[in-house]
There are 4 protein chains.
Amino acid sequence: MSGMNRLERWESRTQTPLMIAALVFLVAFAIPIVNPGLPSSVLRTCTVVQDVIWGVFLVDYAYRLVVAPRRWQFVRKHPVDLAAVALPALRPLRLVAALSFAHQVAGEKLRGHVALYVTTATLLVVTISSLAVLNAERGHPDATIQTWQESLWWSFVTVTTVGYGDYAPVTGEGRLFAVGLMLCGIALLGIVTASLASWLLERISEPDPHRQPATAADVAELAEEVRALRAELAGLRGPDQG
Amino acid sequence: MSGMNRLERWESRTQTPLMIAALVFLVAFAIPIVNPGLPSSVLRTCTVVQDVIWGVFLVDYAYRLVVAPRRWQFVRKHPVDLAAVALPALRPLRLVAALSFAHQVAGEKLRGHVALYVTTATLLVVTISSLAVLNAERGHPDATIQTWQESLWWSFVTVTTVGYGDYAPVTGEGRLFAVGLMLCGIALLGIVTASLASWLLERISEPDPHRQPATAADVAELAEEVRALRAELAGLRGPDQG
Amino acid sequence: MSGMNRLERWESRTQTPLMIAALVFLVAFAIPIVNPGLPSSVLRTCTVVQDVIWGVFLVDYAYRLVVAPRRWQFVRKHPVDLAAVALPALRPLRLVAALSFAHQVAGEKLRGHVALYVTTATLLVVTISSLAVLNAERGHPDATIQTWQESLWWSFVTVTTVGYGDYAPVTGEGRLFAVGLMLCGIALLGIVTASLASWLLERISEPDPHRQPATAADVAELAEEVRALRAELAGLRGPDQG
Amino acid sequence: MSGMNRLERWESRTQTPLMIAALVFLVAFAIPIVNPGLPSSVLRTCTVVQDVIWGVFLVDYAYRLVVAPRRWQFVRKHPVDLAAVALPALRPLRLVAALSFAHQVAGEKLRGHVALYVTTATLLVVTISSLAVLNAERGHPDATIQTWQESLWWSFVTVTTVGYGDYAPVTGEGRLFAVGLMLCGIALLGIVTASLASWLLERISEPDPHRQPATAADVAELAEEVRALRAELAGLRGPDQG
């Protein structure tokens, strides 16, 4: 733990509890949207749970902002955390931010990590979007998206940029979430292609074993040889001149 | 054959018969879906053929699991094989798994192999999806996909992420297959782009013949020269001191 | 300012005022399209503002053409400027051209600049397209795009290549703008993927610290060592022969 | 011309006339489809022109096959030529084949050539597809594509993978052409992305001028220095031992 500043210590300690809190938030967010017919006591409990966890996130964000060595940089580097705390509609995104922190800690095997992160983030974004859009659309007279099954189907059709148009949001709020989901779809396409391209390029450009480039170590070894030669020559000169 | 473990020996021996069995399975899977009006004896034969071949795949998977040097690694490395054996709806995927094995054996000329593999796998996935979705949709009152021609057309429209929406699945099972097909479409786009990018990069970055990097061999040759020099110097010193 | 030719001096001096003029043009272009019901005096003012700014752009283009060292090359390198001056329907594109100039000036940190430029250009193209298509469609009896909210939604659905088809242009002019927007969408997809791929490849191919390639400096240092050795040998030979 | 075999000589001589013939074919192919109401004498002339030019292509293909050094390789390397001659519906593709030959001749500046070739080929494929699909669809009772304007709009919506679904082919033949166009769209996306990625990677990975890798020439120069040293030493040894 030594060598970390207070921000890093706090983040590494709170990582697991905050991810669990974010998951609980997602469940409490999903229940009233998927089953609006539940008894009102259950729905009220869900609202309370959401508010409490949002309070926890607010305290967490405020504490990290206070102990951050450079506050402005912290705000700029954690836009998703800020959006999740500031905009009620984007609160579920806090889960993606929690995930993003887990990713920053991990070091090696970048491509594998990217693949795992992208898969998890895509599933989360699809789930959250389907819930948020269902919440925005339900009740609107022209809405085609009326159940969670339809909303989830619409989310997959959108994130893959297929876009059948059998379901499409009609409310302003629903369309805002949809645009966010489409941009995630473009990022998804991009990251899948980029991973495949980097894998292909690595496999194809594997170096010819007969034409290994000379390393600095090879040259240093040779320089050692020349220096030994010079030392011997100096020894030769000494007795000569004596 | 020496130098192979029992798993590799088994796989290289069973490769061709299993691919033929998978093709027969696909035909026996397709016939009742495409022509549901055939006499029931034909349909029953198709079901029996499917069950027998599935049994063969089950035995094959079990045997490979038993002889695998590291069982957990084997399970993790062959997810399609497992899915094809465990989930009745995904049995036709066994054909893709058979193909995948053929790919692992091949060594050189990666890009050509990737192109061939992707083309074959895409055609297979499109065919299998169109059959599975037709099977799931037909009979549903709101279904737009009612014939194999329509289902195949829908599959191509989906895998290329065009998504007109003139046909779209309406059942839960049909939509599950559709999401799988969309993800294959994204992978297809990715692999096409990646292959083109690696080809372009290779062609463009062909090294300048006047600035070939020094190889380890170049340096080793030079080091030999220096060592010879040192040996001569040692010979020079000897008579001097004698 | 010394070392610049007259064209570069002019462009660096007029850059900021022309960007402001282009933004004012966009506002004067947007107002009558978004609110066609405004009093006619406001609408007439907007038209006058557009015409005046277009005159400014025409003078700017003519002046730059006159002072350009190579006129034909200037015309070929600034196609968007020419289109924005020559074709009334494409005048708002002058804003993208202004942006493009800002990009050429910037030097380092290419990927960050590309990301910022692509984001701004995409937002501009989406805004301009939504206005131009709304202008072309409104009033047509079969048009589905009737308000700016719908037009903006349609623009995002198109530029991300999702294409639900809930809204689509029906007039020739609207479809021409739509094709331009689709091609921008393909470029957007391409640039996102390319940036991610270059980032991944850079991160993955970070060189092994134990196998750093030999640099020309390493070899030059070694050559210095050998030359010193030769000089010493020459010194050894001198007294020997004396 | 010396150093070329008979096939290459023939191809370089016939390149321009065959491209003109292919363009005339495209016009004679387009006229009856776009204006089916023209007098029958004009339509008959168009049919005759198409048949004559097809005959020319048949003779050209046959001659090239006869003089090709390796016939089987020739057939495999020119699949579009063969398809354009063998399948009446694909005759217009001969224009793309003519273009493809022009591309093979060009040598340097690969990325620029790729961009030009892709733009031209995409425009050609879009034009040809729109004509072929219009030809297949018109007259079908359920067809939505009834005029060339609609068909061209549908082609752009398809090749960019947007796919609104406001127009979609309903005949088997129209759908076959549509699948071809979709695959071209995927290739278009791939090549745009690949070109941008290769451009970005080249610009970003420009080598650090302070860490230029050692070239084989650097090491060869050093080896020369060492050899000179050895020669001097040999000269030193000679008088010593004498």
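These exercises, each with a worked solution, concern salt bridges, chain interfaces and one loop residue in a predicted model.

**Exercise 1. A salt bridge inside one helix**

Find where C:Asp60 and C:Arg64 lie, and decide whether each is buried or exposed.

Solution.
- Step 1. Check the pair. The closest N and O atoms of C:Asp60 and C:Arg64 are 3.0 Å apart. The cut-off for a salt bridge is 4 Å, and the pair forms one.
- Step 2. Place the residues. Both are in helix H2 of chain C, which covers residues 40-67. They are 4 residues apart, or about one turn of the helix.
- Step 3. Read the accessibility. Buried means under 20% relative accessible area. C:Asp60 has 3% and is therefore buried. C:Arg64 has 5%, so C:Arg64 is buried too.

**Exercise 2. Two salt bridges between distant parts of chain D**

For the pairs D:Arg91 with D:Asp51 and D:Asp81 with D:Arg64, state which elements are joined and how the residues stand in accessibility.

Solution.
- Step 1. Take D:Arg91 and D:Asp51. Their salt bridge has its closest N and O atoms 3.8 Å apart. This pair links distant parts of the chain: D:Arg91 is in the loop between helix H4 (79-86) and helix H5 (94-105), while D:Asp51 is in helix H2 (residues 40-67), with their positions 40 residues apart in the numbering.
- Step 2. Classify these two. D:Arg91 has a relative accessible area of 17% and is buried, because the limit is under 20%. D:Asp51, at 41%, is partly exposed, because exposed begins over 50%.
- Step 3. Take D:Asp81 and D:Arg64. Their side chains form a salt bridge with an N to O distance of 3.1 Å. Here too distant parts of the chain are linked, D:Asp81 being in helix H4 and D:Arg64 in helix H2, 17 residues apart.
- Step 4. Classify the second pair. D:Asp81 and D:Arg64 are both buried.

**Exercise 3. Salt bridges as a network**

How many salt bridges does the whole structure hold, and which residues of chain A are linked in a network?

Solution.
- Step 1. Recall the principle. Side chains of opposite charge can pair when their charged atoms come close.
- Step 2. Take the total. The search over all chains gives 16 salt bridges.
- Step 3. Name the network. In chain A, salt bridges link A:Glu11, A:Asp60, A:Arg64 and A:Asp81.

**Exercise 4. The relation and contact of chains D and A**

Determine which symmetry relates chain D to chain A and describe the interface between them.

Solution.
- Step 1. Superpose the copies. Chain D falls on chain A after a rotation of 180° with 0.3 Å of shift along the axis, at an RMSD of 0.5 Å. This is the relation of a two-fold axis.
- Step 2. Compare the surfaces. Of the interface residues of chain D, 100% are also interface residues in chain A, so the copies meet through the same surface.
- Step 3. Count the contacts. The interface has 4 residues of chain D in contact with 4 residues of chain A.
- Step 4. Give the area. About 290 Å² is buried between the two chains, and carbon and sulfur atoms give 62% of that. The side of chain D that touches chain A consists of 2 nonpolar and 2 polar residues, with no charged residues.
- Step 5. Look for specific pairs. Between chain D and chain A there are 0 salt bridges and 0 residue pairs in polar contact.

**Exercise 5. The interface of chains A and C**

Describe the interface of chain A and chain C by area, by elements and by residue class.

Solution.
- Step 1. Give the extent. Here 46 residues of chain A are in contact with 39 residues of chain C. The two chains bury about 3,800 Å² between them, with 71% on carbon and sulfur atoms.
- Step 2. Find the main contributors. A:Arg175, A:Ile186 and A:Arg230 lose the most area to chain C within chain A, together 17% of what that side buries.
- Step 3. Count the specific pairs. There are 0 salt bridges across this interface, but 4 residue pairs are in polar contact.
- Step 4. Assign elements. Two or more residues on the chain A side come from each of helix H6 (110-137), helix H7 (148-159), helix H8 (172-204) and helix H9 (216-241). H8(A) gives the most, with 17 residues.
- Step 5. Sort by class. That side of chain A has 28 nonpolar, 11 polar and 7 charged residues.

**Exercise 6. A buried loop residue**

Where is A:Thr171, and which side chain does its own side chain meet in a polar contact?

Solution.
- Step 1. A:Thr171 is in the loop between H7 and H8 of chain A.
- Step 2. Its relative accessibility is 12%, so A:Thr171 counts as buried.
- Step 3. The side chain of A:Thr171 makes a polar contact of 2.7 Å with the side chain of A:Glu137.
- Step 4. Apart from neighbours within four places in sequence, A:Thr171 is in contact with A:Ala136, A:Glu137 and A:His140.

How values were computed: Residues are numbered from 1 along each chain as its sequence is written. Chains are lettered from A and ligands numbered from 1 in the order in which they are written. This is a predicted model: local features need pLDDT of at least 70, side-chain atom pairs count only at pLDDT 80 or more; totals for chains, interfaces and linings use all residues. Side-chain values use heavy atoms; hydrogens and water are left out. Buried means under 20% relative accessible area, exposed over 50%, partly exposed in between (1.4 Å probe, protein chains only). Copies are superposed by least squares on the C-alpha atoms of residues with pLDDT of at least 70 in both. Contact means heavy atoms within 4.5 Å. Buried area is the accessible area (1.4 Å probe) that two parts lose on being put together, summed over both. A polar contact is a pair of N or O atoms within 3.5 Å; within protein, one must be able to donate a hydrogen and the other to accept it, and residues adjacent in sequence count only if both atoms are side-chain atoms. Ala, Val, Leu, Ile, Met, Phe, Trp, Tyr, Cys and Pro count as nonpolar, Asp, Glu, Lys and Arg as charged, and the others, Gly among them, as polar.
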